[in-house]
Amino acid sequence: MLMSQSGRPAKLHYLANGFRVLVPGDHVICALSGEKIPLDHLRYWSVERQEAYATAELATKAGLGD
């Protein structure tokens, strides 16, 4: 029997050009806002910090634009 991953946070390993799913789920949590980010909308993260960000503005605020 397959179990749905709906509503469960995923654990990811962030890479330079993508990410690898370590624990299945349907979203991650933004490191700054606490907002749920569906995996299919995830565009911003830090490889160094291993954190996800909901928007470009939040990623910039985190210092990723340096």
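Guide: Welcome! A residue is called buried when its relative accessible area is under 20%. Keep that cut-off in mind as we look at this structure, which is a predicted model.

Visitor: Is Tyr14 buried or exposed, and why?

Guide: Tyr14 has a relative accessibility of 5%, so it counts as buried. You will find Tyr14 in strand 1.

Visitor: What is Tyr14 in contact with, beyond its neighbours within four places in sequence?

Guide: The general idea is that contact means heavy atoms within 4.5 Å. For Tyr14, the list includes Phe19, Val28, Leu42 and Trp45. Ser46, Val47, Gln50, Glu51 and Ala52 are also in contact with Tyr14.

Visitor: How far apart are Tyr14 and Tyr44 in sequence and in space?

Guide: In sequence, 30 residues separate Tyr14 and Tyr44, while in space their C-alpha atoms are 9.9 Å apart. For the protein chain as a whole, take the contacts between residues at least 6 apart in sequence: 24% of these join residues at least 24 apart.

Visitor: Which residues touch the most other members of the largest nonpolar core?

Guide: A nonpolar core joins buried residues of certain kinds, such as Leu, Val and Tyr, through their side-chain atoms. Here the largest one has 15 residues, and those touching the most other members are Leu12, Tyr14, Val28, Ile37, Leu42 and Ala52. At least two residues of this core come from each of strand 1 (11–15), strand 6 (51–53) and helix 1 (56–61).

Visitor: Could you show me one of those core residues up close?

Guide: Let's take Val28. Once its neighbours within four places in sequence are set aside, Val28 is in contact with Leu12, Tyr14, Ile37, Leu42 and Ala52, among others. Its contacts also include Ala10, Glu35, Lys36 and Leu39.

Visitor: Where is His27 found, and is it buried or exposed?

Guide: His27 is in strand 3, which covers residues 27–29. Its relative accessibility is 6%, so His27 counts as buried. The His27 side chain comes to 3.4 Å from the backbone oxygen of Arg8. Among the contacts of His27 outside its neighbours within four places are Gly7, Arg8, Pro9 and Ala10, as well as Lys36, Ile37, Pro38 and Leu39.

Visitor: How many helices and strands are there, and what pattern do they follow?

Guide: The protein chain has six strands and one helix. Along the sequence the pattern reads β-β-β-β-β-β-α.

Visitor: What percentage of the protein chain is buried?

Guide: Of its 66 residues, 29% are buried. The chain's accessible surface is about 4700 Å², and carbon and sulfur atoms account for 54% of that area.

Key
Residues are numbered from 1 along each chain as its sequence is written. This is a predicted model: local features need pLDDT of at least 70, side-chain atom pairs count only at pLDDT 80 or more; totals for chains, interfaces and linings use all residues. Side-chain values use heavy atoms; hydrogens and water are left out. A nonpolar core is a set of buried Ala, Val, Leu, Ile, Met, Phe, Trp, Tyr and Cys residues joined through side-chain atoms within 4.5 Å. Buried means under 20% relative accessible area, exposed over 50%, partly exposed in between (1.4 Å probe, protein chains only). Helices (H or I, at least four residues) and strands (E, at least two) are DSSP runs, numbered from the N terminus. A polar contact is a pair of N or O atoms within 3.5 Å; within protein, one must be able to donate a hydrogen and the other to accept it, and residues adjacent in sequence count only if both atoms are side-chain atoms. Accessible areas come from the Shrake-Rupley method with a 1.4 Å probe; for residues, only the protein chains shown count as cover.
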